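Some words used for protein structures rest on a number and a cut-off. The questions below ask what lies behind such words, and each answer goes back to the values.

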2 protein chains.
Amino acid sequence: MLFIIGLGLADEKDISVKGLEAIKSCSKVYLESYTSLLLVSKERLETFYGKSIIEADRECVESFSDEIILSAKTENVAFLVVGDPFGATTHTDFVLRAIKDGINYKIIHNASIMNVVGVCGLQLYRFGQTVSIPFFTESWKPDSFYDKIKANLSLGLHTLCLLDIKVKEQSEENLLKGKKIYEPPRFMTVWQALEQILYVEKQRKEDLISKNRKVIGISKAGSDEQCIKFASINEFLNHKEVLGGPLHSLIIPSDIHEIENEMLEIYA
Amino acid sequence: MLFIIGLGLADEKDISVKGLEAIKSCSKVYLESYTSLLLVSKERLETFYGKSIIEADRECVESFSDEIILSAKTENVAFLVVGDPFGATTHTDFVLRAIKDGINYKIIHNASIMNVVGVCGLQLYRFGQTVSIPFFTESWKPDSFYDKIKANLSLGLHTLCLLDIKVKEQSEENLLKGKKIYEPPRFMTVWQALEQILYVEKQRKEDLISKNRKVIGISKAGSDEQCIKFASINEFLNHKEVLGGPLHSLIIPSDIHEIENEMLEIYA
């Protein structure tokens with residue numbers, strides 16, 4: 001049996017009782033570690049589960065997925081995913097592989113950043129499509145997120161922006177040379193995302209997002225150290241330290257309803 | 001301390017380890033029981049938690065919220081919510097009350113129908129705003145969901161439709177007479193929702209939703225008995241039994257991407 005288990009967002013105790021029981025029954029435990037991160041170490045998970053964990057980066061998941069899936073034919077194998085298995089990053093391809101190979105599988109759900117953001121006070125049914133904001137490079141500045149924020153705003157809907165994470169990425173140079181040397185991990189902050197949004201705004205000149213617009217920054221969502229701030233873009237850019245360390249998420253609110261505002265003012 | 005704890009969607013073991021530990025520390029445990037339901041009985045939860053549970057219907061939450069919140073001043077109190085505390089139904093008002101009264105509170109998140117629907121294979125970031133479809137009555141047929149589905153489709157986005165639940169509702173007659181006699185609970189099925197959508201389509205004549213359109217019906221999402229079907233509206237209307245018992249959810253997909261389709265075909 002292949003268990004695909006959501007871990008929630010913060011620490012080792014966010015797993016469900018069902019998920020923990022499943023892990024205890026497994027002979028192999030993989031942790032997907034390239035699209036998001038828990039706020040605690042792998043060792044802390046291992047102690048809590050009483051199992052050793054194989055960290056699966058992008059390369060490993062892509063090249064060893066055969067191994068992961070086939071071993072589930074004869075033993076119980078857990079594939080752990082931060083958040084929900086079908087949340088911000090979907091693991092559909094993995095499930096499809098299991099089905100094709102006739103492997104029994106079971107999905108165990110958990111909280112995802114896509115629903116936890118409701119904690120800021122904005123109503124989830126007033127969110128439009130979620131956007132991803134990737135790290136710009138010198139030569140690559142994709143800006144489709146701007147059109148999506150625009151479409152949401154035109155419908156009076158809020159936008160959740162998921163911010164880029166780079167874990168075990170190679171520099172272009174090392175990639176070309178085939179050198180497996182990895183850059184230090186990078187986690188996009190709310191102010192970096194805002195600078196990129198303003199950059200696109202400056203190119204497009206559509207007067208969509210001004211520096212006075214109030215937005216919401218969240219760090220360490222779902223944990224005891226969670227920090228939520230409701231402030232203008234300018235304030236975020238002038239107080240870069242305000243949210244503390246990663247992981248960050250950004251929300252661009254549309255019109256704010258009264259009940260939403262009452263809650264947001266707490267984070268002003 | 002007031003703990004507001006998400007239970008997830010299916011049974012007693014969907015609670016997180018953190019949530020279970022919190023309940024064990026509480027002297028009073030309330031269960032919000034009017035906006036959604038778990039698929040297991042209150043008694044099963046009580047046995048698993050080793051605590052007795054006070055069921056809180058709408059009336060109770062509204063009239064006893066003082067009591068619930070104030071008792072959290074001196075003891076640990078748990079308020080349990082199916083799904084996530086800030087998912088389909090938000091409990092913002094409850095949190096605001098706690099803050100005003102200076103009560104310490106802690107939110108413990110879980111899976112919500114808003115992220116679990118990703119299990120059908122559609123990518124969550126391709127969903128637009130979520131809509132609620134209420135039971136029509138003779139004199140009350142609100143159709144704002146139609147405009148929202150239309151807006152989502154125009155942007156190439158899928159729509160999750162949350163279907164109405166009526167628990168401990170009074171008939172208009174009993175309400176007027178002040179008689180606390182409750183109607184049997186009702187849970188909207190996918191085919192009832194589709195009939196209402198087609199009713200609005202017939203009034204509006206906008207050619208938005210035809211009977212040949214393929215939609216996704218899900219029952220008992222997140223449980224072992226979960227059933228997902230991908231079929232035309234006509235097929236759902238002609239095979240009303242296909243999904244089995246409640247709770248149901250409906251998805252109106254927009255254009256379907258190849259990777260999404262591969263997964264959906266499994267449920268065809």
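**Reasons behind the words**

K220(B) lies in the loop of chain B that runs between β10 (214-219) and β11 (227-232). The model discussed here is a predicted one.

Q: Why is K220(B) called partly exposed?
A: Buried means under 20% relative accessible area and exposed means over 50%, with partly exposed in between. K220(B) has a relative accessibility of 22%, so K220(B) counts as partly exposed.

Q: Why is K220(A) called partly exposed?
A: The relative accessible area of K220(A) is 21%, and the class between the cut-offs of 20% and 50% is the partly exposed one. K220(A) therefore belongs to that class. The place of K220(A) is the loop between β10 (214-219) and β11 (227-232) of chain A.

Q: What makes the phi of K220(A) worth a remark?
A: Most residues other than glycine have a negative phi. K220(A) is not a glycine, and yet its phi is positive, at about 50 degrees. For K220(B), which is not a glycine either, phi is likewise positive, at about 50 degrees.

Q: What makes the peptide bond between P246(A) and L247(A) a cis bond?
A: Its omega is about 0 degrees, and the bond that joins P246(A) and L247(A) is cis. Most peptide bonds are trans. L247(A) sits in the loop between α9 (233-238) and β12 (248-252) of chain A. In chain B, a cis bond with omega about 0 degrees joins P246(B) and L247(B), and L247(B) is found in the loop between α9 (233-238) and β12 (248-252) of that chain.

Q: How do you know that strand β1 (residues 2-6) of chain B is largely enclosed by the rest of the structure?
A: A residue is buried when its relative accessible area is under 20%. In β1 of chain B, 5 of the 5 residues are buried, so the strand is largely enclosed by the rest of the structure. L2(B), I4(B) and G6(B) point one way, F3(B) and I5(B) point the other way, and all are buried. In a regular strand the side chains alternate between the two faces of the sheet.

Q: Why is β1(B) said to pair with strand β4 (residues 77-81) of chain B?
A: Two strands pair if there are at least two bridges between them. The strands β1(B) and β4(B) run parallel and are joined by 5 bridges, so they pair. Within this pairing, V81(B) is the bridge partner of G6(B). Strand β5 (residues 105-108) of chain B also runs parallel to β1(B), with 4 bridges between the two, and K106(B) in β5(B) stands opposite F3(B).

Q: What covers the buried residues of helix α6 of chain A?
A: The cover includes β6 (131-133), β7 (159-163), α8 (190-204) and β12 of chain A. The buried residues of α6 (residues 144-154) are F145(A), Y146(A), I149(A), A151(A), N152(A) and L153(A). Just after this helix, G156(A) takes a positive phi of about 75 degrees.

Q: How do you know that the radius of gyration of chain A agrees with that of a compact globule?
A: For 268 residues a compact globule would have a radius of gyration near 18 Å, and chain A has 20 Å, which agrees. Buried residues make up 55% of chain A.

Key:
Residues numbered from 1 in each chain as written. Chains lettered and ligands numbered in written order. Predicted model: local features only at pLDDT ≥ 70, side-chain atom pairs only at ≥ 80, totals over all residues. Heavy atoms only, no water. Rg over C-alpha atoms; globule rule 2.2 N^0.38 Å. Buried < 20%, exposed > 50% of the residue type's maximum accessible area, 1.4 Å probe, protein only. Contact = heavy atoms within 4.5 Å.
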